Amino acid sequence: MTADLHIHTTASDGRLAPEEIIKTALSAGLSEIAITDHDTVAGLLQLYADKAVIKGQLTIIPGIEFSTEFPCHEVHILGYNIDIFHTALKEELGKLSYDRQQRVQKMVAKLKKLGYVIEYQQVLALAGNAGSIGRPHVARALLENGYFTEIGEVFTALLGKNGPAYVPHYKMNIKTVLQVIKSVGGTAVLAHPGLIDNDDIVFEVINVGIDGLEVYHPMHTSWQANKYLEMAQKYNLLVTGGSDFHGMPGRYPEKLGDFTISSALAKKICRIQG
Ligand code: AMP
Ligand code: FE
Ligand code: FE
Ligand code: ZN
């Protein structure tokens, strides 16, 4: 039995809607999945409304992925078992969502000045019902208007961290992220530590009180996975993993079920809420 604890949907920058994720996960034979959209639980709320949270053999763990404020590094924190109906969470996510909307408008304005004409409404339409709009939606508008042929090119030319159209978004600091996750019943896990490329930061996050490490991730080498496995064992942290699935053509894994972890690991993190 296999599991995948890192999946994005159309509620943020994934291409498959939450219910399509469930269908695909079932046909891929997964037994536990976590939906972990960037800064939003809108996809999960949709599923709960449809009463589709536990479907046959498939358990869906409510999750989220937050970016944190660090001067020079991208540090992402996954929250599992969160109470998606909690008012404290709703309040925090409201701020993040509002800021993301303002930020996309600023990026659209910057792009116009650079000669790339897209409309904010167009980005919103491409984002559909995404509770969390971001650079991938802006990039898709640029492809739609014929400026580029691949998302990666847009990031390289314009939207990357040092790119001319980049605008940062509001991020909580690491302590606040952990507080928010824990205050809504969640378990906090450091996402893809290997991508931070700096273990001093990994130790800093461990010291602040992270509960687990995402040891298994498609961008980790087996050497990195072993290193973080040993680190997790040494500091008594949970071990998790997932595909970081976005359903984006050209980005591995293109199919849900192609990168999985054992169901036994997933069961250790999964707390069914009463
Ligand atoms: P945002 O949260 O709006 O800053 O957008 C970040 C998202 O953009 C990430 O979660 C990735 O899905 C996507 N992304 C970042 N860099 C690239 C890249 N070079 N090519 C394609 N997608 C990217
Ligand atoms: Fe993403
Ligand atoms: Fe991430
Ligand atoms: Zn992710």
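In the protein chain, residues 24 or more positions apart account for 71% of the contacts that have a separation of 6 or more. The structure described here is a predicted model, and the values below are computed from it. The protein chain contains eleven helices and nine strands. Its radius of gyration is 18 Å, close to the 19 Å that the globule rule gives for 274 residues, so the chain is as compact as a globular protein of that length. Along the principal axes, the C-alpha trace spans about 50 × 40 × 35 Å. Of the 274 residues, 53% are buried, and the accessible surface of the chain comes to about 12,200 Å², with carbon and sulfur atoms contributing 53% of that area.

The metal sites are taken in turn, beginning with zinc. The zinc ion (ligand 4) is coordinated by H6 through NE2, H8 through NE2, E65 through OE and D244 through OD, at 2.1 to 2.2 Å. The arrangement of these four donor atoms is irregular because the angles that they subtend around the zinc ion (ligand 4) run from 80 to 171°, whereas a tetrahedral assignment would require all angles to lie between 85 and 135 degrees. In sequence, the donor residues of the zinc ion (ligand 4) are spaced H-x1-H-x56-E-x178-D. The pair of H8 and E65 links distant parts of the chain, since H8 belongs to the loop between β1 (2-7) and α1 (18-27) and E65 to strand β4 (residues 58-68), 57 residues apart. Both H8 and E65 are buried.

The iron ion (ligand 3) has as its protein donors E65 (OE), H76 (ND1) and H192 (NE2), which lie 2.0 to 2.3 Å from it. Along the chain these donors follow the spacing E-x10-H-x115-H. The iron ion (ligand 3) and the zinc ion (ligand 4) are 3.5 Å apart, and E65 coordinates both. E65 lies in strand β4 and H76 in strand β5 (residues 75-80), so this pair ties together parts of the chain that are eleven residues apart in sequence. Both E65 and H76 are buried. The remaining protein donor, H192, is placed in the loop between β6 (187-190) and α8 (193-196), and with a relative accessible area of 6% H192 is buried, because the limit for a buried residue is under 20%. When residues up to four places away in sequence are not counted, H192 touches H6, E65, H76, E214, H217, H220 and D244; among these residues, H6, E65 and D244 are donors of the zinc ion (ligand 4).

The iron ion (ligand 2) is coordinated by D13 (OD), H38 (NE2) and H246 (NE2), at 2.1 to 2.2 Å. The spacing of its donors along the chain is D-x24-H-x207-H, and 4.8 Å separate the iron ion (ligand 2) from the zinc ion (ligand 4). Here again a pair of donors links distant parts of the chain, with D13 in the loop between β1 and α1 and H246 in the loop between β8 (238-241) and β9 (261-262), 233 residues apart. Both D13 and H246 are buried.

Two of the donors of the iron ion (ligand 2) also have contacts with S12, as described next. S12 is placed in the loop between β1 and α1, and its relative accessible area of 1% makes it a buried residue. The side chain of S12 makes a polar contact with the side chain of D13, at 3.5 Å, while a polar atom of the side chain of S12 lies 3.3 Å from the backbone nitrogen of H38. Leaving aside neighbours within four places in sequence, S12 is in contact with D37, H38, T40, A130, S132 and H137.

A further residue, Y116, lies in the loop between α3 (87-113) and α4 (120-127). At 22% relative accessibility, Y116 counts as partly exposed, because this class covers values from 20% to 50%. Apart from its neighbours within four places in sequence, Y116 is in contact with L111, L142, Y147, F148 and L158. The C-alpha atoms of Y116 and G146 are separated by 9.9 Å, and these two residues are 30 residues apart along the chain.

Conventions
Residues numbered from 1 in each chain as written. Chains lettered and ligands numbered in written order. Predicted model: local features only at pLDDT ≥ 70, side-chain atom pairs only at ≥ 80, totals over all residues. Heavy atoms only, no water. Donors = N, O, S within 2.8 Å, 3.2 Å for Na, K, Ca; no water. Tetrahedral: all angles 85-135°; square planar, octahedral: opposite > 155°, others 65-115°. Helix = DSSP H or I, 4+ residues; strand = E, 2+ residues; numbered from the N terminus. Buried < 20%, exposed > 50% of the residue type's maximum accessible area, 1.4 Å probe, protein only. Rg over C-alpha atoms; globule rule 2.2 N^0.38 Å. Contact = heavy atoms within 4.5 Å. Areas by Shrake-Rupley, 256 points an atom, 1.4 Å probe, with all protein chains shown as cover. Polar contact = N/O pair within 3.5 Å; in protein donor to acceptor, adjacent residues only side chain to side chain.
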